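Me: I am new to this structure and would like to understand the reasoning behind the terms used to describe it. Please take my questions in turn.

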Amino acid sequence: MRIVLLGPPGAGKGTQARRLSERYGLPVIGTGDIFRDHAARGTALGLAAKEYMDRGDYVPDHIAVNMVLERLDQPDTREGFILDGFPRTVAQAQALEGALAAGGRPLSAVLNFKIGDEVAVKRLTGRLVCPNCKRVYNLNFKRPRVEGICDVCGHRLEARSDDDEATIRRRLLVYRKETQPLVLYFWERGLLRDIDAEAPEEVVADRTIEALSDLLDLEA
Ligand code: ADP
Ligand code: AMP
């Protein structure tokens with residue numbers, strides 16, 4: 001299964017990506033996580049990406065595309081993968097589609113998680129992330145068992161530096177302009193299902209499995 005998760009910041013892509021990964025045994029390729037890891041290690045890629053991320057802008061297409069296509073060459077993606085946060089522009093979608101077609105492994109499904117802007121702001125201003133294992137928590141909706149500590153790996157949790165309200169609003173604007181066109185792009189290819197993501201995590205998880213089964217039946 002080769003799955004793309006689409007949706008604005010805060011829609012729950014990372015949260016649902018982890019659930020899908022555990023259910024189907026597929027690797028998650030989270031482009032934001034990869035850029036943040038590079039930035040923390042101070043690599044050239046990380047330094048190039050950081051200035052864009054801090055502003056709430058997208059990293060230039062060629063940087064994101066090269067990074068993802070290299071990652072998709074790794075053997076653990078052979079049985080499938082979950083792309084979280086890529087593609088985010090039409091140019092990225094075209095590059096991805098071209099590379100996957102050349103490899104004879106086209107996308108299976110694109111799941112479009114839908115939430116309103118105010119829900120996104122509320123979720124993101126309460127988000128805490130584990131920089132080690134990437135699990136996501138929330139001060140309002142999903143508190144860790146011990147304050148400030150990851151339930152699973154015990155690492156200290158952090159707020160992301162781009163999760164302040166002004167940067168969140170900028171990211172929502174960039175999403176509408178750059179990424180919203182991908183909904184039509186994938187819909188026209190018969191690959192997309194919308195998911196109402198304004199519901200508790202477990203309810204969204206059920207809707208995700210339903211949408212996926214629907215698409216995979218259509219594909220069969
Ligand atoms: P994205 O990857 O789309 O930006 P995340 O998965 O990181 O979104 O979720 C954003 C924040 O919202 C996190 O703090 C997460 O715990 C929380 N969250 C995710 N899904 C839900 C949900 N269905 N209801 C309430 N909060 C949620
Ligand atoms: P995310 O973790 O998905 O919220 O992404 C955080 C930030 O990483 C975004 O605001 C962008 O600056 C950058 N980023 C992640 N994925 C992409 C992508 N596919 N194209 C461009 N920039 C990206």
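Reply: The answers below concern a predicted model and take up the two ligand sites, the cavity and two backbone features.

Me: What makes a residue part of the shell around ligand 1, and how many residues surround the ligand?

Reply: A residue counts if one of its heavy atoms lies within 4 Å of the molecule. For ligand 1 there are 18 such residues, and Thr15, Arg127, Tyr137, Asn138 and Ala199 are the closest. Helix H1 (13-24), strand E6 (136-138) and helix H9 (201-219) each contribute at least two residues to this shell. By residue class, the shell holds 9 nonpolar, 5 polar and 4 charged residues.

Me: Why is ligand 1 said to lie between domain 1 and domain 2?

Reply: Residues of the shell come both from domain 1 (2-116 + 164-219) and from domain 2 (127-162), so ligand 1 lies between them.

Me: What makes the pairing of Thr15 with ligand 1 a polar contact?

Reply: The pair must consist of N or O atoms within 3.5 Å. A polar side-chain atom of Thr15 is 2.6 Å from an oxygen atom of ligand 1, so the pair meets the cut-off. Two backbone pairs can be set against the cut-off as well. An N or O atom in the backbone of Tyr137 is 2.7 Å from an oxygen atom of the ligand, and one in the backbone of Glu201 is 3.2 Å from a nitrogen atom of ligand 1. Taken alone, ligand 1 exposes 560 Å², of which the protein buries 93%.

Me: Which residues are closest to ligand 2, and which helix gives the most to its shell?

Reply: The shell of ligand 2 has 15 residues, the closest being Thr31, Asp57, Gly85, Arg88 and Gln92. Helix H2 (residues 31-41) gives the most, with 4 residues. The shell is made up of 6 nonpolar, 4 polar and 5 charged residues.

Me: How do you know that Thr31, Arg36 and Asp57 make polar contacts with ligand 2?

Reply: Each distance is set against the 3.5 Å cut-off for N or O atoms. An N or O atom in the Thr31 side chain is 2.7 Å from a nitrogen atom of ligand 2. For the side chain of Arg36, the distance from such an atom to an oxygen atom of the ligand is 3.0 Å. Asp57 takes part through a backbone N or O atom, 2.6 Å from an oxygen atom of ligand 2. The area exposed by ligand 2 taken alone is 480 Å², and the protein buries 96% of that.

Me: Why is the space lined by Leu5 and Tyr175 called a cavity?

Reply: A cavity is a space where a 1.4 Å probe fits but cannot get out, so the name follows from that test, applied to the protein atoms alone. The count comes to 1 cavity of 30 Å³ or more. The largest cavity holds about 50 Å³ of space. Its lining includes Leu5, Leu6, Lys13, Arg88, Tyr175 and Thr179. Strand E1 (2-6) and helix H7 (165-179) each supply at least two lining residues. The lining divides into 4 nonpolar, 3 polar and 2 charged residues.

Me: What is the form of the peptide bond from Phe86 to Pro87, and what is notable about phi at Lys134?

Reply: The bond from Phe86 to Pro87 is cis, with omega near -5°. Pro87 sits in the loop between strand E3 (81-84) and helix H5 (90-102). Lys134 has a positive phi of about 75° although it is not a glycine. Lys134 belongs to the loop between strand E5 (127-129) and E6.

Definitions and conventions. Residues numbered from 1 in each chain as written. Chains lettered and ligands numbered in written order. Predicted model: local features only at pLDDT ≥ 70, side-chain atom pairs only at ≥ 80, totals over all residues. Heavy atoms only, no water. Polar contact = N/O pair within 3.5 Å; in protein donor to acceptor, adjacent residues only side chain to side chain. Areas by Shrake-Rupley, 256 points an atom, 1.4 Å probe, with all protein chains shown as cover. Nonpolar A, V, L, I, M, F, W, Y, C, P; charged D, E, K, R; others polar. 1 Å grid on protein atoms, 1.4 Å probe; cavity = no way out; pocket = protein on both sides within 12 Å on 5 of 7 lines; lining within 4 Å. Points joined across faces, edges and corners; volume = space filled by probe spheres on them. Domains from an automatic or database assignment.
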